[in-house]
Amino acid sequence: MEIWILAALLGLGLAAATGLRTFLPLLMLSAAVHFGWFGIVLNESMQWIGSSAALIALAIATVVEVLADLVPLVDNAMSVIGTVTRPVAGTVAAWAAFADLDPAMAAIAGIVIGAPTALAVSTAQTGTRAVSTATTAGLGNPVLSVIDSVTSFVTSLISMVLPLLVIPLLALLTWFGFRGYRRLRSRRGAFTEPAA
């Protein structure tokens with residue numbers, strides 16, 4: 001199979017994962033490169049991701065993001081901020097994945113694949129959080145936060161280990177996400193409808 005297809009799938013999966021957690025997928029990519037796991041090679045312009053400094057910085061940022069997202073109201077603010085930061089992280093992740101492309105072409109591929117994918121996932125997450133906040137007064141948000149962290153981790157891991165499963169995985173996550181969103185919306189409707 002063409003190497004660029006595997007790179008595109010890796011970039012797509014990591015970008016989707018950044019739509020849920022800005023730093024966790026980048027931390028996992030950094031660790032994989034730093035420790036030589038899964039045979040991942042980065043674009044020459046993105047080699048810094050595997051450095052010790054990047055690994056430490058991403059680890060700290062990941063811990064802060066994951067813990068802050070467990071706090072009601074703070075999680076909503078982070079989702080809004082994520083509308084900007086997550087497409088950037090998705091672009092970086094996808095750009096790094098295109099190891100065999102010229103750095104300029106890899107950057108373009110990263111923007112084309114990474115930014116819209118991360119933005120779409122982040123937008124869906126922000127909408128789900130808003131509905132959860134409205135229906136549960138924010139009490140259900142920590143559960144969603146844990147689900148987001150686990151999903152981001154699993155998506156990143158599958159993207160690095162078995163990139164051919166990225167498309168079916170994203171299709172499955174989209175289906176589950178749509179069903180969950182509809183369930184939350186129906187609960188919201190039940191809470192807002194006047195009693196007969």
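**View 1. Phe 38 sits in the loop between α2 and α3.** In this predicted model, helix α2 covers residues 24-35 and helix α3 covers 52-68, with Phe 38 in the loop that links the two. Take a look at the backbone here: the phi angle of Phe 38 is near 65°, a positive value in a residue other than glycine. Most residues other than glycine have a negative phi. As for its surroundings, Phe 38 is partly exposed, because its relative accessible area of 42% falls between the 20% limit for buried and the 50% limit for exposed.

**View 2. Thr 22 lies one loop earlier, between α1 and α2.** Helix α1 spans residues 3-18, and Thr 22 belongs to the loop that runs from there to α2. Is Thr 22 buried or exposed? Its relative accessible area is just 5%, and anything under 20% counts as buried, so Thr 22 is buried.

**View 3. Here are the contacts of Thr 22.** Set aside the neighbours within four places in sequence, and Thr 22 is in contact with Glu 65, Thr 85, Arg 86 and Ala 89. One of these partners, Thr 85, also takes part in a polar contact: the two side chains, Thr 22 and Thr 85, come to 3.4 Å.

**View 4. Thr 22 and Asn 141 can be picked out together.** Along the sequence, 119 residues separate this pair. In space, the C-alpha of Thr 22 is 17 Å from the C-alpha of Asn 141.

**View 5. Step back, and the protein chain shows seven helices and zero strands.** Reading along the sequence gives the pattern α-α-α-α-α-α-α. The C-alpha atoms fill a box of roughly 65 × 35 × 25 Å along the principal axes. A compact globule of 196 residues would have a radius of gyration near 16 Å, and the protein chain has 17 Å, so the two agree. Among contacts with a separation of 6 or more, 72% link residues 24 or more positions apart.

**View 6. This one is about the surface and the charges of the protein chain.** Buried residues make up 44% of the 196 residues. The accessible surface comes to about 9,900 Å², and carbon and sulfur atoms account for 76% of that area. On the charge side, there are 9 positive and 9 negative side chains. The centres of those two sets lie 19 Å apart.

Key
Residues numbered from 1 in each chain as written. Predicted model: local features only at pLDDT ≥ 70, side-chain atom pairs only at ≥ 80, totals over all residues. Heavy atoms only, no water. Helix = DSSP H or I, 4+ residues; strand = E, 2+ residues; numbered from the N terminus. Rg over C-alpha atoms; globule rule 2.2 N^0.38 Å. Buried < 20%, exposed > 50% of the residue type's maximum accessible area, 1.4 Å probe, protein only. Contact = heavy atoms within 4.5 Å. Areas by Shrake-Rupley, 256 points an atom, 1.4 Å probe, with all protein chains shown as cover. Lys, Arg positive; Asp, Glu negative; His and termini not counted. Charge placed at Lys NZ, Arg CZ, Asp CG, Glu CD. Polar contact = N/O pair within 3.5 Å; in protein donor to acceptor, adjacent residues only side chain to side chain.
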